[in-house]
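Biologist: I have a structure open and would like to go through it with you. Can we start?

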Amino acid sequence: MPDLDYRQKAWSAALIVLFFVAWELFCLMTGMSDLVLPRPSQVFVTLFEKFPILWPHILQTLATTMIGFVLGVGLGVVLGAVIGVSKTAYDTAYPLLVGFSSKPKIAVVPIFVLWFGAGTVPAILTSIAISIFPVVVNVSTGLATTEPELEDVLRTLKAKKFDILWNVGLPRAMPYFFASLKVAVTLAFVGTVLAETVASNRGIGNMMMIASSTFNVPLVFAGLFVLATLGICLYVGFSLTEKHFTGWAHRKSEIVTV
Amino acid sequence: MMRMQPHSEFSGLPVPASAAPIAIELSEASVTFGRGARAVPALATTSLRIADGEFVALVGPSGCGKSTILRLVSGLVQPSTGVVIVGGREVAARALRVGMAFQNPTMLPWMTIERNIMLPLKIVEPFRSQFRKLRKTEFRDKANALLEQVGLKGFGNRYPWQLSGGMLQRANLCRALIHEPRMLLLDEPFGALDQFTREELWSILQELWIAHKPTVLLVTHDLREAAFLGSRICVMSARPGRILDDSRVTFARPRTVAMTFEPDFVALNQKLRAFIEDARTASRDALAAQGTA
């Protein structure tokens with residue numbers, strides 16, 4: 001198994017390198033202007049040179065995203081638990097949830113700006129608004145689909161509702177929860193950058209807006225690269241945590257050794 | 001081989017009142033699922049008294065409400081009419097120590113076998129308040145002692161999916177017993193096992209019962225199992241179930257598998273079989289009558 005694992009990782013890395021090489025060659029061969037599509041090498045150079053300028057923006061975006069993400073997930077778990085423990089609440093609230101989660105999130109940014117002014121607050125709120133729904137939907141679904149037989153084990157012991165939730169419901173919902181975390185963390189980035197581009201004077205989104213208005217296209221792409229890297233790092237981080245906590249749900253078929 | 005005592009008391013006569021205190025009492029209890037036109041009667045009005053320390057086996061055709069009685073006693077189902085008293089109190093208000101095992105082993109998949117077995121200790125007092133302190137020492141030893149008793153020594157740190165069905169059912173029995181319940185409710189716990197494992201577990205269960213004398217209510221399809229384990233057998237009619245016959249089994253204990261092939265034992269089995277056969281025919285006739293009416 002580990003051999004295969006490493007081989008697959010090597011292929012993934014090779015694919016990324018290949019992607020950049022192909023991009024570079026494409027630009028060189030077609031003589032593409034760097035105002036339209038800069039070469040990756042240019043982007044990396046810009047990234048390196050402008051890093052001192054980029055760094056505060058990176059921190060700003062990362063901090064905003066993480067605050068929004070943590071609050072969004074926290075609220076999402078609570079809300080999901082409340083909705084998920086009762087079948088009636090689940091059936092009643094689900095249409096409303098779907099309605100909220102399917103609205104285009106960009107539409108709420110002007111409202112937040114109207115309420116709280118331009119700056120960090122609307123960005124945090126947008127990333128909360130965008131990352132909360134996958135968590136609510138998944139946690140409540142995980143809880144609502146818990147096999148009653150599993151709960152009966154505790155119910156016959158006269159366990160309190162909270163004990164059942166804590167010992168059966170929540171662990172059972174963990175795979176659903178972690179699946180939603182991976183979605184939520186990337187969405188939280190989308191929310192932050194969205195709000196930053198619309199109404200903020202700091203952050204990667206804002207920096208990219210300014211760079212594009214001065215036709216500093218390599219810097220715009222440098223911003224994109226930074227966002228992609230941050231997204232990948234957080235995604236990987238949560239995947240590892242997920243493996244640790246929900247290994248039981250992701251097991252491969254193993255031969256029973258008796 | 002010791003000679004079995006005759007089962008003269010197995011006669012369909014009411015069971016004489018016992019001196020032991022009553023552990024479980026159903027008085028005029030019935031259960032109906034759903035309401036109005038879609039109501040399904042699961043259990044007809046039933047009265048049943050079980051004394052402390054008795055081993056009662058409930059047999060009957062499938063779907064007759066045997067499991068419903070068990071679920072009534074465990075408090076998972078509320079009676080539609082009548083009263084269910086367990087340990088001197090109405091079921092809903094009770095915090096009595098009960099161990100329950102279903103046909104499905106229902107081990108929680110994210111816990112090791114050991115932690116699954118220790119689950120009741122995490123929930124039920126007086127163990128609950130000591131759980132944090134003792135879970136790595138005394139409680140773990142307790143779990144492993146039980147595992148050893150059912151032949152699962154060394155499997156405590158496995159996960160449920162790493163064990164076979166028979167092994168899971170053994171673990172299930174451990175989980176029902178770990179909090180030293182005064183009452184054991186078993187819903188066809190050996191139903192899905194092969195003959196040999198089943199007979200082995202009968203003997204283990206019998207040993208445990210002789211040692212601790214808990215009140216046991218065992219629901220089973222297997223007449224041999226009922227006669228091997230039960231001190232008393234209740235035969236139920238087809239749905240909606242009621243108790244057709246309630247009699248004592250007086251074979252000496254500890255009973256052995258070899259005894260189940262002796263004439264007295266076989267005769268008892270046949271008697272039980274006849275009861276259930278009649279109940280099945282009666283219900284089929286009733287259904288046919290409904291169809292033609």
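Biologist: What share of the 258 residues in chain A is buried?
Modeller: Buried residues make up 35% of them; buried means that 20 or more other C-beta atoms, placed from the backbone, lie within 10 Å of the residue's own. This is a predicted model, where local features need pLDDT of at least 70 and side-chain atom pairs pLDDT 80 or more, while totals for chains, interfaces and linings use all residues. Residues are numbered from 1 along each chain as its sequence is written, and chains are lettered from A and ligands numbered from 1 in the order in which they are written.

Biologist: How many helices and strands does chain A have?
Modeller: Chain A has 10 helices and zero strands, counted as DSSP runs numbered from the N terminus (helices: H or I, at least four residues; strands: E, at least two).

Biologist: Now H5(A) and H6(A). At what angle do their axes cross?
Modeller: Helix H5 (residues 109-116) and helix H6 (residues 120-144) of chain A cross at roughly 140 degrees, and their axes come within 9 Å. Axes are lines fitted to C-alpha atoms, for helices over the stretch in contact, with angles from 0 to 180 degrees between N-to-C directions.

Biologist: What does that make H5(A) relative to H6(A)?
Modeller: Oblique, the word for angles that are not under 35, over 145 or 65 to 115 degrees.

Biologist: Which residues meet there?
Modeller: Val109(A), Phe112(A), Val113(A) and Phe116(A) of H5(A) meet Val121(A), Pro122(A), Leu125(A) and Thr126(A) of H6(A); contact means C-beta atoms within 7 Å, placed from the backbone.

Biologist: And the overall box for chain A, what are its dimensions?
Modeller: Roughly 75 × 55 × 30 Å along the principal axes, for the C-alpha atoms.

How values were computed. Contact = placed C-beta atoms within 7 Å. Buried ≥ 20, exposed ≤ 12 C-beta atoms within 10 Å, placed from the backbone.
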